[in-house]
Amino acid sequence: MHFTSPPHDRAATVSTLAMPKDTNGVGDIFGGWLMSHADIAGAILAYRIAGGRVVTVAVNEFIFLRPVYVGDVVSFYTDRSRIGRTSVTIDVSVFVERPIDLGEIESHLVSTAQLTYVHIDGNQRPAPIETRP
Ligand SMILES: CC(C)(COP(=O)(O)OP(=O)(O)OC[C@H]1O[C@@H](n2cnc3c(N)ncnc32)[C@H](O)[C@@H]1OP(=O)(O)O)[C@@H](O)C(=O)NCCC(=O)NCCS
């Protein structure tokens, strides 16, 4: 499930600050930076569900809804979408917090993504996921 506003029942899996070094040619944050952090956030939840190492096998979808600016606090919320035999699919919802006035901050959904991870064994081969919460 993707979130339309930051959920209150869980912390962001990854939260960080968008910096000038992460900008594209027009001064906004470039999409690859967002994709990298979404991949990390999804991998953290997948790792916890699988109980061990995972690798990304597919980016099923990545949608950029609004731009991200330098100085935004960017938070990646994750949710389990599907657990297979060796794979787990994670939905990622990305929100920014941005000051609009002195002491006032607004929050926007800027991206949604869905990625699939495979639990791997010591030989880098797919391994069954035994945890099925
Ligand atoms: C991930 C990897 C171990 C899978 O190996 P494989 O031999 O293709 O494994 P399988 O065919 O048995 O598939 C394993 C699982 O992945 C799923 N899968 C494979 N390709 C997929 C795709 N394109 N999209 C979604 N799921 C996929 C399968 O459905 C299966 O899930 P299930 O067991 O829950 O049903 C292998 O492809 C790999 O090492 N890829 C590189 C991973 C990597 O380096 N990622 C970082 C990229 S920078």
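## A tour of strands, salt bridges and a ligand

Start by selecting Asp72 and Arg98: both are buried, a label used here for a relative accessible area under 20%, with exposed meaning over 50% and partly exposed anything in between (1.4 Å probe, protein chains only).

Before moving on, keep in mind that this is a predicted model, in which local features need pLDDT of at least 70 and side-chain atom pairs count only at pLDDT 80 or more, while totals for chains, interfaces and linings use all residues. Residues are numbered from 1 along each chain as its sequence is written, and side-chain values use heavy atoms, with hydrogens and water left out.

**Stop 1: charged pairs**

Stay with Asp72 and Arg98 and show their side chains. They meet in a salt bridge, 2.7 Å from N to O; the term stands for a side-chain nitrogen of Lys or Arg within 4 Å of a carboxyl oxygen of Asp or Glu. Asp72 sits in the loop between E2 and E3 while Arg98 belongs to strand E4, so this pair ties together parts that are 26 residues apart in sequence. The E labels are strands: helices (H or I, at least four residues) and strands (E, at least two) are DSSP runs, numbered from the N terminus.

Next, select Asp9, Arg10 and Asp79, which are joined into one network by salt bridges that share partners. Zoom in on Arg10 and Asp79: their closest N and O atoms are 3.0 Å apart. Arg10 is in the segment before strand E1 (14–17) and Asp79 is in strand E3 (residues 73–83), so the link spans 69 residues of sequence. Is Asp79 buried or exposed? Asp79 is buried, at 14% relative accessible area, whereas Arg10 is partly exposed at 29%.

Now jump to Lys21 and Asp22, another salt bridge, with 3.2 Å from N to O. Colour these two by accessibility: Lys21 is exposed at 68%, but Asp22 is buried at 5%. The full count is 4 salt bridges.

**Stop 2: the strands**

Switch to cartoon view and pick out E4 (residues 87–101) and E5. They run antiparallel and are joined by 14 bridges; two strands are said to pair if DSSP finds at least two bridges between them. Want one rung to click on? Asp91 has Gln114 in E5 as its bridge partner. What links E4 and E5? The two strands form a hairpin with 2 residues between them, and Gly103 in the turn has a positive phi of about 80°.

Then add E2 (residues 54–64). This strand pairs with E5 (residues 104–119), also in the antiparallel sense, over 9 bridges. Try the pair formed by Val54 and His119, bridge partners across E2 and E5.

Keep His119 selected for a moment. This E5 residue counts as buried, at 11% relative accessibility. Now draw a distance from its C-alpha to that of Thr86: the value is 5.6 Å, although 33 residues of chain separate the two.

**Stop 3: the ligand**

Select the ligand and expand the selection to its shell of 13 residues; a residue counts as near if one of its heavy atoms lies within 4 Å. Which residues come nearest? They are Thr56, Arg85, Thr86, Ser87 and Arg125. E2 gives the largest share of the shell, 4 residues, and E2 and E5 each supply at least two.

Now look for polar contacts (pairs of N or O atoms within 3.5 Å; within protein, one must be able to donate a hydrogen and the other to accept it, and residues adjacent in sequence count only if both atoms are side-chain atoms). Thr86 places a polar side-chain atom 2.6 Å from a ligand oxygen. For Ser87, the distance from a side-chain N or O atom to a ligand oxygen is 2.7 Å, and for Arg125 it is 2.8 Å. On its own the ligand has 970 Å² of accessible area, of which the protein covers 44%. Accessible areas come from the Shrake-Rupley method with a 1.4 Å probe; for residues, only the protein chains shown count as cover.

**Stop 4: out to the surface**

Turn on the surface and select Met35, Val59 and Phe64, which make a nonpolar patch of about 260 Å². Patches use residues with over 30% relative accessible area and no salt bridge, joining like charges within 9 Å and nonpolar side chains (Val, Leu, Ile, Met, Phe, Trp, Tyr) within 5 Å. Val59 lies in E2 and is partly exposed at 46%.

Finish at Leu65, in the loop between E2 and E3. Leu65 is partly exposed too, at 47%. Draw one last C-alpha distance, from Leu65 to Leu17: you get 19 Å for two residues 48 apart along the chain.
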